[in-house]
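Hi everyone, thanks for having me. Please take a moment to look at the sequence and the structure, and then we'll walk through them together.

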Amino acid sequence: MTGRNLHGISDSGHAGNQEAVPGTKRVRLADAGDVKAMAAISAQEYDRWSAADFEQSMRHPFARIWVCEETLGSSREILGYAVLYFDEDGSELMHIAVDRGRRRERIATRMIERVFAFIHNQQIPQVMLEVRAENDAAGEFYRKAGFRVNHIVRDYYRNPTDDAVKMLRRFK
Ligand SMILES: CC(C)(COP(=O)(O)OP(=O)(O)OC[C@H]1O[C@@H](n2cnc3c(N)ncnc32)[C@H](O)[C@@H]1OP(=O)(O)O)[C@@H](O)C(=O)NCCC(=O)NCCS
């Protein structure tokens, strides 16, 4: 993903944007080579994003996608991703997901910490998100990450029908 951030600092891909994490996992900005792996993880969920959806977000100047990548010898695997849209007034965490076989390894925690660092550096005052009311795992994850319920939109989701819980985390 390439673009200029809100304060004119280039945020243009891997070099200088990688966050070293313990072991063989690392969080970095996504690139075009990650699209298929992200779509495969998303396909495990109800509200899935296609490869085209990820490509569109990667081209958007006010969007960022991070992935958590694990390196084992010469092979690399994408374990999860997080998508953020932002402007000066706020941001929205559009999607975060971890491969079904790799949950509860703090992979989403690593990614959201990277998202929060970006929001903090950009001086963005808040981040919002919406989550299915029945998605207990995500609700608990977001609460632990400091989000609080802002309001509920009845029957917002389809296939299956569900309420949306709008959550907010302020940074200022
Ligand atoms: C929500 C999701 C991203 C969490 O990813 P993860 O890497 O497993 O989360 P972490 O390991 O970082 O969990 C951090 C904390 O979140 C909470 N949590 C995560 N999954 C949970 C679950 N299934 N049940 C209860 N709490 C959970 C726990 O407090 C956990 O801390 P702990 O393991 O020390 O108890 C993952 O379950 C997922 O991909 N779900 C499908 C996609 C989705 O629903 N995305 C959100 C809506 S867009």
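**A walk through the model**

Let's begin with one residue, Ala97. Setting aside its neighbours within four places in sequence, Ala97 is in contact with Ile41, Ser42, Glu45, Gly80 and Tyr81. Before I go on, please keep in mind that this is a predicted model.

So where is Ala97? You'll find Ala97 in strand β5. Is Ala97 buried or exposed? Count the C-beta neighbours inside 10 Å and you get 23, so Ala97 counts as buried; the cut-off for that word is 20 or more. You can also look from Ala97 across to Ala82: the two are 15 residues apart along the chain, and their C-alpha atoms are separated by 6.7 Å.

Now let's step back to the whole chain. How many helices and strands are there in the protein chain? There are four helices and eight strands. If you start at the N terminus and read along, the elements go β-β-α-α-β-β-β-α-β-α-β-β. The protein chain has 172 residues, and buried residues make up 29% of them. Here is another number for the chain: among contacts with a separation of 6 or more, 53% are between residues 24 or more positions apart.

Next, a pair of helices. Two packed helices are described by the angle between their axes and the distance between the axes. Our pair is α1, residues 35-42, and α2, residues 51-59. Their axes come within 8 Å and cross at roughly 125°. What do we call that arrangement? An angle between 115 and 145 degrees counts as oblique, and α1 and α2 are therefore oblique to each other. The crossing in which α1 passes α2 is right-handed.

Which residues in α1 and α2 meet? On the α1 side we have Val35, Lys36, Met38 and Ala39, and on the α2 side Ala51, Phe54 and Glu55. Sorted by class, the contact of α1 with α2 has five nonpolar residues, two charged ones and no polar ones.

Let me pick out Val35 from that group. Val35 sits in helix α1, and Val35 is buried because 22 other C-beta atoms lie within 10 Å. Leaving out its neighbours within four places in sequence, Val35 is in contact with Ala51, Phe54 and Glu55. Take Phe54 as an example: Val35 and Phe54 are 19 residues apart along the chain, while their C-alpha atoms are separated by 6.3 Å.

On to the ligand. There are 19 residues around the ligand, and Arg103, Ala108, Thr109, Ala137 and Glu140 come nearest. Three elements give two or more residues to this shell: β5 (91-98), α3 (107-121) and α4 (136-144). Which element gives the largest share of the shell? That is α4, with five residues. By class, the shell around the ligand has nine nonpolar, seven charged and three polar residues.

Finally, let's visit the loops, where there are some backbone details to look at. As background, most residues other than glycine have a negative phi, and most peptide bonds are trans. With that in mind, have a look at Arg106. Arg106 lies in the loop between β5 and α3, and its phi is near 65°, a positive value in a residue other than glycine. Arg106 counts as partly exposed because it has 14 C-beta neighbours inside 10 Å.

Gln123 has a positive phi too, near 60°. Look for Gln123 in the loop between α3 and β6 (126-132). Is Gln123 buried or exposed? With 11 other C-beta atoms within 10 Å, Gln123 is exposed.

Gln122 is also in the loop between α3 and β6. But Gln122 has 20 C-beta neighbours inside 10 Å, so Gln122 counts as buried. From Gln122 you can look over to Phe86: these two are 36 residues apart along the chain, and their C-alpha atoms are separated by 9.5 Å.

My last stop is a peptide bond. The bond from Asn159 to Pro160 is cis, with omega near -5°. You can find Pro160 in the loop between β7 (148-157) and β8 (162-170).

That's my tour. Thanks for listening, and do turn the structure around for yourselves!

Note on methods:
Residues numbered from 1 in each chain as written. Predicted model: local features only at pLDDT ≥ 70, side-chain atom pairs only at ≥ 80, totals over all residues. Near = placed C-beta within 6 Å. Nonpolar A, V, L, I, M, F, W, Y, C, P; charged D, E, K, R; others polar. Axes fitted to C-alpha atoms, helices over the stretch in contact; angles between N-to-C directions. Parallel < 35°, antiparallel > 145°, perpendicular 65-115°, else oblique. Left-handed = near helix turned anticlockwise from the far one by under 90°. Contact = placed C-beta atoms within 7 Å. Buried ≥ 20, exposed ≤ 12 C-beta atoms within 10 Å, placed from the backbone.
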